[in-house]
Amino acid sequence: MTDISTTRILILDDDPFILKLLARMLINLGFPSVDCCENGVDALKLLDDATTRPDLILLDLNMPGMDGIEFVRYLVERKFTGSLILVSGEDERMLKTTEKLVQAHKIPILGYLQKPVQPEALRMQLMKLASSLSGQSEKGAVPKTYDVEAIKNALNSGELVNYYQPKVRVETGEIVGVETLVRWHHPVDGVIYPNQFIGAAEKYGLINHLTQTVLEQAFAQAGIWQKLGCDLKVAVNVSMDNLTSLDFQDTVVRLAAETEIPPNRIVLEITESQLMGDERVPLEILTRLRLKRFHLSIDDFGTGHSSLTQLRDIPFDELKIDQGFVHHASKDVTLRAIYDASLALAKQLNMEVVAEGVESREDWELLRQTGCDLAQGNFIAQPMPAEELGGWVKKWRARIEAESLVSGGEEQAQ
């Protein structure tokens, strides 16, 4: 089903007035095939009939009998392949929690609408459906995966290339560093992002080779910038999988010596995607690197296992607030509370704070108002090849002045 005008929509709500209102809105927006149900039992009957099975369900949460959350469980049992929009009078925290639950069940969810529903808000959600259908028809629903031989060949033939995303000081706008983000320049498929090959590299035991490749490029590039007089801290992502052998520390120290990069200009961003097993080796490596004045950053703080336990056990000097707690935090009470708590905790521990995922002017202004140290995100710059950084710096300095991003404008960014 790729023609949006043929989309079959089911509205499930116990209020007859809401059913009529939403049905009228959908018809006015060009969706003539609409079914309405006042309870989950009747809705499931429509799902079980191939001729009435919906492509999209507008689902209320708080209903007598079968509530919306229970209904989702029945959708999972029936392997529902359509999409959901939550429609409810519940508060935003409840809606967001339910949205997370639906995502965990692997059911596509376009978002949620709070009652009373506004036609424009409904139209925006339906535009996501159109975009989703278009993307599926053009690209296919399943992203391409790569086998062990393809990844080995990429490593051995130099197809993995480092991109760099700037980190800027919020108070002045000055660029102070970059995060290294690897891209695969595939000869046939073009630029491939890490989420399509990092997991496979870990699975096939190639993550150490991959990390060493990234490190070697990053140190070499740091050396080039240093010779040009650019005083930048270069950050590289390191997983706990890289910290199972003492060879890792030797590699980092050797690369710094060979490229004559001061250790305090290198930041190792530690992401722990799984629970640490034998913690002795990782703790020894990280503590020795810190003693040699390499900087350690706890990445994606507040997610996965990047938590208070890591702050207690590892001598980090930088904390990166995960993008999920930064973007929209200026207008989301829950996100703002988590952002504020993370910032305050880092300040109390005398750690520098980096806010990831700065996507809008509103995000940027929040950082200014709250005294966050550093910012990173697409509002500032997307990751770029090293050769593009100089041109970006000139544009960024001009933008600081033109958009009044900091007090004092361009002169502070010099």
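**A helix pair and a five-stranded sheet**

In this predicted model, helix H12 (residues 333–348) and helix H13 (residues 361–370) have axes that come within 12 Å and cross at roughly 40°. That angle makes H12 oblique to H13. The crossing of the two, H12 and H13, is right-handed. On the H12 side, the contact is made by Arg 336, Tyr 339, Asp 340 and Leu 343. H13 contributes Leu 366, Leu 367 and Thr 370. Sorted by class, the contact of H12 with H13 has four nonpolar residues, one polar residue and two charged ones.

Now turn to the sheet. It is open, has five strands and follows the order S2-S1-S3-S4-S5. The pairing is parallel. Strand S2 (34–37) and strand S5 (109–114) stand at the edges. Each has a single partner strand, so one side of each is left without a neighbour in the sheet. On average, neighbouring strands of this sheet are turned by 15° against each other, direction ignored.

Strands of a sheet pair through backbone hydrogen bonds. Take the pair at the S5 edge. Strand S4 (residues 83–88) runs parallel to S5, and five bridges join S4 to S5. Leu 84 stands opposite Ile 109 in S5.

Helices lie across these strands. Helix H2 (residues 40–48) lies across strand S1 (9–12), S2 and strand S3 (56–59). H2 runs at about 165° to S1. Helix H4 (residues 92–104) lies across S4 and S5. The angle of H4 to S5 is about 165°.

Methods. Residues numbered from 1 in each chain as written. Predicted model: local features only at pLDDT ≥ 70, side-chain atom pairs only at ≥ 80, totals over all residues. Heavy atoms only, no water. Axes fitted to C-alpha atoms, helices over the stretch in contact; angles between N-to-C directions. Helix = DSSP H or I, 4+ residues; strand = E, 2+ residues; numbered from the N terminus. Parallel < 35°, antiparallel > 145°, perpendicular 65-115°, else oblique. Left-handed = near helix turned anticlockwise from the far one by under 90°. Contact = heavy atoms within 4.5 Å. Nonpolar A, V, L, I, M, F, W, Y, C, P; charged D, E, K, R; others polar. Pairing = 2+ DSSP bridges.
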